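Welcome! Here is a friendly tour of one protein chain, going from the whole fold down to single residues. Keep the picture open while you read.

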Amino acid sequence: MFLHDIGIIPGRNDSGEAGRGRSQLTNLSRRGFVTGSGLFVLGVTLAGCSTYVEPEVDADAFDLPEAGPSPLTEVKGGDATPTLWIELEKEGKVKITCHRSEMGQQVWTSMAQIVADELDANWDDVAIVQAEGHERYGDQNTDGSRSVRYNFHRLRVAGAAMKYMLIEAAALYWKLEPSQCSASEGLVSNDQNSDTLSYGNLAELAGKLQIPAEGDITLKEPDEWTLINKEIPSLTIPKLVKGEGTFGIDVDRPGMVYAVVARPPQVFGRTGSVDDSAALEVPGVLQTVRLPDATPPAVFNALGGVAVVAEDTWAAIQGRNALDITWRDGPNASYNSESYGEELKATARRPGAVRRSRGDVSSALGSATTRIEAEYYAPHLAHSPMEPPAATAEWDGDTLTCWACVQDPQATRNTLADVLGVDKENITVNATWLGGAFGRKSKPDFVIEAALIAREVGKPVKVTWTREDEIRHGFYHSVSAQYMEAGLDEDGNCSAYLHRTAFPPIASTFVPGLATPTDGEMGLGATDVPFATPNLQVESRDAKGHLRIGWLRSVSNIYHAFAVQSFAAEMAHAAGRDQKDYLLELIGPDRQIDPGKEGAIYSNYDASIEEYPIETARLKNVVNLVADMADWGRNLPEGSGLGIAVHRSFLSYIATVIEVSVSDDGALTIPGIWLACDAGTVINPRHVRAQLEGGTIYGLSNALYGEITARDGAVVQDNFPSWRVMRMEEAPRAFEVQIVPSNAPPAGVGEPGTPPAAPALANAIFNATGQRIRNLPIIGAQGSRLTLPQDDNA
């Protein structure tokens with residue numbers, strides 16, 4: 001980078017004339033600030049000496065038969081045809097396509113590591129191409145912590161197949177057997193004389209060869225990996241530092257206008273009378289567009305309302321403020337979350353549908369020496385990603401192109417086709433970077449809004465959601481109530497375990513009136529409970545949804561893990577035992593668990609129970625590891641305590657210990673967190689640790705402060721003063737993560753850090769104060785301290 005390129009010394013303007021360079025900025029954008037704020041980069045190139053000059057490979061000089069179809073279209077995970085994923089440029093650049101969305105989890109880097117390792121590419125030559133939404137890539141839903149696990153094998157095959165073809169091409173050029181050639185660092189070597197040919201030089205000839213079958217390819221053994229399981233630096237963070245890369249809000253199209261939408265306060269509320277005269281008087285406002293009223297089912301459809309279109313977003317917001325709209329109530333106008341929560345708790349106390357059963361729980365409870373029960377409650381939560389939704393839509397006749405921060409561009413494309421009545425072959429969806437998502441941006445209602453408005457106004461339109469829009473009109477994590485009961489024998493051992501759960505299911509967003517929790521949701525921490533008690537029963541109760549319920553980071557694991565792991569600590573206390581030791585005893589002997597053998601319909605995160613069994617040895621191992629990390633059992637000052645929780649989710653095993661300190665007036669601090677993770681094969685340990693840290697903080701933030709409430713069907717919270725998140729000074733002072741070395745198949749890491757956070761925190765607070773936390777949030781958005789139990793002797 002030359003200094004005049006960042007505006008430090010005079011350069012030349014666009015016409016080539018000498019000028020003052022970029023030091024004269026007339027519009028200081030976010031990127032302009034970052035790239036022009038005095039960051040110096042110094043590059044030095046050292047030329048080496050070599051007598052070998054690489055010859056040019058002329059692909060046309062070889063008379064080759066036409067290659068047949070790819071034999072790699074149906075390998076495990078999907079199509080592994082190398083040309084679908086890899087492009088080799090003549091100059092040496094290796095472009096790897098990433099079909100999953102980048103939202104800070106470093107999927108760009110991890111996907112590239114997998115391909116480049118088997119390809120034996122030079123990492124410095126690797127660049128990422130973001131895929132558009134298209135079925136040729138298979139599943140593109142960046143959700144469920146599945147990106148690596150779904151694609152690990154096929155991307156390795158793609159890289160290895162491309163290397164195979166490059167070696168064959170070099171052997172053809174040198175008139176050798178392929179076994180006499182080898183590849184490394186973007187070069188194929190002639191093992192007879194050490195001559196080399198670059199991948200870029202060989203690319204055209206290799207492209208004429210037959211793609212090998214999977215049986216012809218030899219994948220590397222783990223001890224041969226040079227990039228996988230290595231802490232390779234991020235491909236995205238340098239771009240972020242330089243202000244490069246494109247988020248949803250960054251898209252700019254020629255002639256583009258800007259829009260915000262006034263939406264009905266209730267789901268399925270309707271737009272009544274509209275007076276837009278004052279809005280049209282706002283400078284910069286161009287017009288208003290009335291959107292169709294939403295009708296059940298919600299699915300991913302737009303919510304209706306009135307869009308204000310303007311020359312810039314600020315004018316559109318001011319125009320929206322000036323609208324005079326009469327809203328008509330919809331079917332959810334009577335929803336009040338406070339009273340509903342009490343009804344849900346009462347529902348959970350009553351017997352429900354049995355979803356997993358072992359032994360005779362009723363009889364065992366009746367004969368137990370000690371019988372304990374507890375109720376747990378978790379409220380609605382908002383996703384609150386740093387970047388609210390944003391989408392740009394542009395029509396050219398019947399052809400639609402969209403740019404949006406979506407987690408699943410392919411599902412977005414399909415949804416647009418259905419809603420707009422347009423052949424999906426006429427729709428292109430380009431996924432931008434996502435400034436966080438947590439499940440919110442897998443629902444493309446905001447892209448539909450942009451497409452509808454753009455078709456109406458006849459210009460490219462960018463729709464921006466404000467923070468208030470995102471909190472009041474998004475999709476929400478389900479509210480839940482859990483009833484737990486246990487019987488302990490004379491030695492304090494758990495002889496009976498009953499768990500009832502009640503929550504509006506996600507499926508209610510897609511099927512009107514559906515109130516029964518799905519098997520998939522029940523398998524997220526309820527029917528897959530790993531306890532070895534001889535008598536166990538898990539039940540569900542129906543609950544009706546009144547908001548748009550959607551998946552949020554770790555989904556039902558949030559409230560199920562909170563209840564199960566909190567109740568495990570309550571059982572330990574009732575038995576007079578150490579919480580960690582009792583937890584290990586509850587888990588019981590080393591074994592593999594199949595909930596399906598006890599009546600559960602268990603999906604195991606859409607993975608084979610044979611390939612990804614529930615293994616109690618791995619679960620106990622992370623418990624013991626994290627206890628050692630935290631020096632469990634050490635003496636702590638008065639008002640301090642340690643809490644532990646363990647949970648398997650998204651096929652990973654996570655144990656968390658949290659230390660808290662609580663002052664006499666209820667001020668809470670978190671001196672340290674320790675986390676042990678067994679996620680099978682890990683692609684990039686650095687980024688896995690970051691994901692686990694972020695997931696834990698996300699869980700703590702929700703546990704301490706997160707609560708979405710509704711009054712008369714409308715969400716009450718609107719922005720960060722009323723929707724609280726953890727602040728920097730509240731974060732743990734120390735955070736240690738250990739990853740268990742493993743050659744097991746890769747599991748998820750984006751979400752598993754979240755579920756153990758709330759129960760570990762609640763258990764730590766009990767050990768510090770004697771206060772048992774059964775209702776979330778622990779503090780709430782309007783609070784700043786714990787409400788401590790009163791001293792009876794005071």
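Let's begin with one residue: Arg774 is partly exposed, with a relative accessible area of 30%. Please keep in mind that the model is predicted. Arg774 forms a salt bridge with Glu570, and the closest N and O atoms of the two are 2.7 Å apart. From this pair we can step back to the whole chain and then return to other residues.

**The Glu570–Arg774 pair**

- Glu570 is located in helix H15, which covers residues 557–575, while Arg774 sits in the segment after helix H19 (757–769), so their salt bridge ties together parts that are 204 residues apart in sequence.
- Is Glu570 buried or exposed? Glu570 is buried, because its relative accessible area is 10% and the cut-off for buried is under 20%.
- The general idea behind such pairs is that side chains of opposite charge can pair when their charged atoms come close.

**The chain as a whole**

- The chain contains 19 helices and 30 strands.
- The radius of gyration is 29 Å, close to the 28 Å that the globule rule gives for 794 residues, so the chain is as compact as a globular protein of that length.
- Taken along the principal axes, the box filled by the C-alpha atoms is roughly 90 × 75 × 50 Å.
- How many of the 794 residues are buried, as a percentage? Buried residues make up 58% of them.
- Among contacts with a separation of 6 or more, 78% are between residues 24 or more positions apart.
- The accessible surface of the chain is about 32,700 Å², and carbon and sulfur atoms account for 49% of that surface.

**Charges and other salt bridges**

- The chain carries 67 positive and 104 negative charges, and the mean positions of these two groups are 4 Å apart.
- How many salt bridges are there in the chain? The count comes to 40.
- Glu585 and Arg577 form one of these pairs, with an N to O distance of 2.1 Å.
- Both partners of that pair are partly exposed: Glu585 has a relative accessible area of 42%, and Arg577 has one of 27%.
- Arg724 and Glu730 also meet through their side chains in a salt bridge, at 2.7 Å from N to O.
- Arg724 is buried, with a relative accessible area of 6%.
- Salt bridges can also share partners, and in this way Asp117, Asp120, Lys163 and Lys220 are joined into one network.

**A closer look at Ala170**

- Ala170 belongs to helix H4, which covers residues 147–174.
- Ala170 counts as buried, since its relative accessibility is 0% and buried means under 20%.
- Which residues does Ala170 contact, leaving aside its neighbours within four places in sequence? They are Val188, Leu197 and Leu202.
- Ala170 and Val461 are 50 Å apart in space, from C-alpha to C-alpha, and 291 residues apart in sequence.

**Backbone details to look for**

- As background, most residues other than glycine have a negative phi, and most peptide bonds are trans.
- Asp120 is not a glycine, yet its phi is positive, at about 60 degrees.
- You can find Asp120 in the loop between helix H3 (107–119) and strand S3 (126–130), and this residue is buried, with a relative accessible area of 12%.
- Glu185 is another residue other than glycine with a positive phi, near 55 degrees.
- Where is Glu185 found? Glu185 is in the loop between strand S4 (181–184) and strand S5 (187–190), where it is partly exposed, with a relative accessible area of 48%.
- Pro296 and Pro297 are joined by a cis peptide bond, with omega at about -5 degrees.
- Pro297 lies in the loop between strand S9 (285–291) and strand S10 (305–310).
- Leu776 and Pro777 are also joined by a cis peptide bond, and here omega is about 0 degrees.
- Pro777 is found in the segment after H19, which is also where Arg774 lies.

Definitions and conventions: Residues numbered from 1 in each chain as written. Predicted model: local features only at pLDDT ≥ 70, side-chain atom pairs only at ≥ 80, totals over all residues. Heavy atoms only, no water. Helix = DSSP H or I, 4+ residues; strand = E, 2+ residues; numbered from the N terminus. Rg over C-alpha atoms; globule rule 2.2 N^0.38 Å. Buried < 20%, exposed > 50% of the residue type's maximum accessible area, 1.4 Å probe, protein only. Contact = heavy atoms within 4.5 Å. Areas by Shrake-Rupley, 256 points an atom, 1.4 Å probe, with all protein chains shown as cover. Lys, Arg positive; Asp, Glu negative; His and termini not counted. Charge placed at Lys NZ, Arg CZ, Asp CG, Glu CD. Salt bridge = Lys/Arg side-chain N within 4 Å of Asp/Glu carboxyl O.
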